Amino acid sequence: MFVLESIVKRESVLYLIIVLFSVGCKKPYNPPAINSTNSYLVVEGVINNGPDSTIISLSRTVNLSGTTTYNPVTGGTLAVESDQNAIYPLQELGRGKYAIAGLSLDSTRKYRLRIQASGEQYLSDFVPVVNAPPVDTVNFDIKGNGIQLNVSTHDPKNNTHYYRWDYQETWIFHSNYLSGYVSNGDTVIDRNFLTDEIYQCWGSDTSSNIVLGSSAALSRDVISNNPVIFVPSSSEKLGTKYSILVKEYALTGDAYVFWKNLKSSSEQLGGIFDPQPTEINSNIHSVSNPSEQVVGYMSAGRVTSKRIFIADSQLPGWVPTPAYPNCRLDSLYLYFKPVGATVAINQENEYFNTNKGAGTKYALIPVQAILERTIIGVKLIGHTGSTRECVDCTLRGTNKQPAFWK
């Protein structure tokens, strides 16, 4: 789920808590925040000055009572505009994403985003180009129960002062069992690990929290070891190899206030007697309906980044908690005669071979060969097997190594 949309939903949760305290044990009540018909436009992304593409995501907020978690806005028309009437149209990528290749923006001009979507037109305010300085370091500290990742940066020109970071995590993980076999539908054969690897995969995740920093109260524009994310020692992310890409954005003072208020509203909600959420003012507005709420804030500037890798050999030897801790191996035989039965059955046909009767609901993946020693050698009598989630890592990630992976 995207950060901005999840924040709107969390504010609805706070409203629900307040209502529940008000009604006590009276008749159950579904508050307006749960079933509201309002669907606010959510705009995510920045106007990127540099070789990287500008990618803007459009979506609509969803009701807590619904089953949909992401509602993309498709079929829109987007363009970046300068205050000198230069126009840079974006292309639709699908799933609510719109993009344009690297822009070379004039730092003496201001820019805005124009959105045409769902029959409505939206404009952001014109914003200056604020380029982020290079990221100095991304490092980690080993704590008793995990690692704390931090970012450091500075602006030697003493101009930036306000910063935001987001991140993309990638890690190697493994399924519970290494399967050396596969069913072709009729029989169990050796697995080709070059084309059908399902033991080792790469998982990935993006920011779910807002990371900010400010040097405005300091004599020098320096941010040192600003916390980014904590990864617990039990996480499978740290089981083999972990990587994080931290992206840095320079903000104007107004943009910093927006993100600070958003962070406060989304991450510091407590009891009903705690400070209530601050009003969050977007710089994106509906042209036809200025009172319409839009979620998001448009900025422009160069984005900088730094990636690091952390191997398990750099850590204390923590053992991650498996995603599926209750996995087990079952032994299935080519020739099995149940007690009291007059005819033997082939269990592999029942659980492995879909063309021979193994149903999708009950189908298992063969893992290891079961061998029996005889006077003339070794005889294959069956295979162990387990459920797909315990054997196939591609259910939760990709078996294709990322291009950036070391």
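**Chat about a predicted model**

Reader: How many of the contacts join residues far apart in sequence, as a percentage for those at least 24 apart?
Author: Among contacts (heavy atoms within 4.5 Å) between residues at least 6 apart in sequence, 69% join residues at least 24 apart. This is a predicted model, where local features need pLDDT of at least 70, side-chain atom pairs count only at pLDDT 80 or more, and totals for chains, interfaces and linings use all residues. Residues are numbered from 1 along each chain as its sequence is written, and side-chain values use heavy atoms, without hydrogens and water.

Reader: How many helices and strands does the chain have?
Author: Five helices and 27 strands. These are DSSP runs, numbered from the N terminus: H or I with at least four residues for helices, E with at least two for strands.

Reader: Where is Ser-233?
Author: Ser-233 lies in the loop between β19 (222–232) and β20 (241–250).

Reader: Is Ser-233 buried or exposed?
Author: Buried, because its relative accessible area is 19%. Buried means under 20%, exposed over 50%, and partly exposed in between, with a 1.4 Å probe and protein chains only.

Reader: What does Ser-233 touch?
Author: Leaving out residues up to four places away in sequence, Ser-233 touches Asn-145, Gly-146, Leu-238, Trp-318, Val-319 and Pro-320.

Reader: New topic. What is the order of the open sheet of three strands?
Author: The order is β25-β27-β26, with antiparallel pairing. Two strands pair if DSSP finds at least two bridges between them.

Reader: Which strands stand at the edges?
Author: β25 (330–333) and β26 (365–374); each has a single partner strand, so one side of each has no neighbour in the sheet.

Reader: How many bridges join β25 and β27?
Author: Four. In one of them, Asp-330 has Gly-385 of β27 as its partner.
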